[in-house]
Amino acid sequence: MQQTMTLKRNVIRLGAGILLIAVTSVAAEAQGRGGGMGGGGRHGRGENGDQAARHEDDASKRWTQRFEDMASTKEVLKDVRVEKAANDSIKRIEKTYKENFRGYVNAAKQVFDDAHAQSEPPNLARLDTLVQYGHDLQDREYGEVRQLLAADQRATFDANVARRRSGEEQAVEHRHRSQ
């Protein structure tokens with residue numbers, strides 16, 4: 001019963017997050033697409049335009065893969081002994097959250113589709129907001145998984161979560177520096 005209520009709450013939060021992103025997007029659009037980082041220059045036509053489109057396609061794939069990977073618990077369960085009964089529950093949790101992360105995958109694709117349609121770079125502020133909401137969702141997933149672990153396995157799990165987050169933060173920092 002409580003798990004059903006938690007799932008309903010998570011679905012409502014996910015919907016509210018996606019709605020907030022949509023509202024933010026509309027507001028940025030109304031202000032002349034000023035919401036993106038790095039300006040709103042247009043890609044040229046011809047060879048440079050084709051290269052830019054290919055680069056955006058690659059970036060879109062990386063971003064959508066990132067959200068798909070966020071649902072996985074494999075990395076945070078490395079070297080963690082999980083009891084057989086808990087393993088089935090963890091698989092159900094991961095499946096549920098994977099479905100929720102699809103909303104972020106679709107929203108990230110929409111950011112790139114919008115940018116492509118306007119011949120502009122993708123709105124990185126929107127993507128960063130999606131990542132933050134994704135981390136919030138991921139935190140809830142990890143919290144549910146952590147509750148199922150034996151007390152002696154939680155420290156390893158927590159260290160794995162910290163290592164994963166550190167790697168994600170370094171990737172974001174690298175992306176911001178390279179722009």
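Here are three short exercises, with worked solutions, on a predicted model of a protein.

**Exercise 1. Work out the fold at the level of helices and strands.**

Step 1: Count the elements. You should get 5 helices and 0 strands.

Step 2: Read them off from the N terminus, which gives α-α-α-α-α.

Step 3: Now look at how the chain meets itself. Take the contacts between residues at least 6 apart in sequence: 80% of these join residues at least 24 apart.

Step 4: Check burial and surface. Of the protein's 179 residues, 35% count as buried. The accessible surface is about 11000 Å², and carbon and sulfur atoms account for 51% of that.

**Exercise 2. Find the largest nonpolar core and say which helices supply it.**

Step 1: Size it up. This core holds 29 residues, and those with the most contacts inside it include Phe-67, Phe-101, Tyr-104 and Phe-157.

Step 2: Assign helices. H2 (46-70), H3 (84-117), H4 (124-148) and H5 (154-177) each put in at least two residues.

Step 3: Pick the top contributor. That's H3, with 10 residues.

**Exercise 3. Decide whether Gln-138 is buried or exposed, and list what it touches.**

Step 1: Locate the residue. Gln-138 sits in helix H4.

Step 2: Apply the cut-off. Buried means under 20% relative accessible area. Gln-138 has 0% relative accessibility, so it counts as buried.

Step 3: List the partners. Leaving out residues up to four places away in sequence, Gln-138 touches Met-70, Phe-101, Arg-164, Arg-165 and Glu-168.

Step 4: Link back to Exercise 2. Phe-101 is also among the residues with the most contacts inside the largest nonpolar core.

Terms used. Residues are numbered from 1 along each chain as its sequence is written. This is a predicted model: local features need pLDDT of at least 70, side-chain atom pairs count only at pLDDT 80 or more; totals for chains, interfaces and linings use all residues. Side-chain values use heavy atoms; hydrogens and water are left out. Helices (H or I, at least four residues) and strands (E, at least two) are DSSP runs, numbered from the N terminus. Buried means under 20% relative accessible area, exposed over 50%, partly exposed in between (1.4 Å probe, protein chains only). Contact means heavy atoms within 4.5 Å. Accessible areas come from the Shrake-Rupley method with a 1.4 Å probe; for residues, only the protein chains shown count as cover. A nonpolar core is a set of buried Ala, Val, Leu, Ile, Met, Phe, Trp, Tyr and Cys residues joined through side-chain atoms within 4.5 Å.
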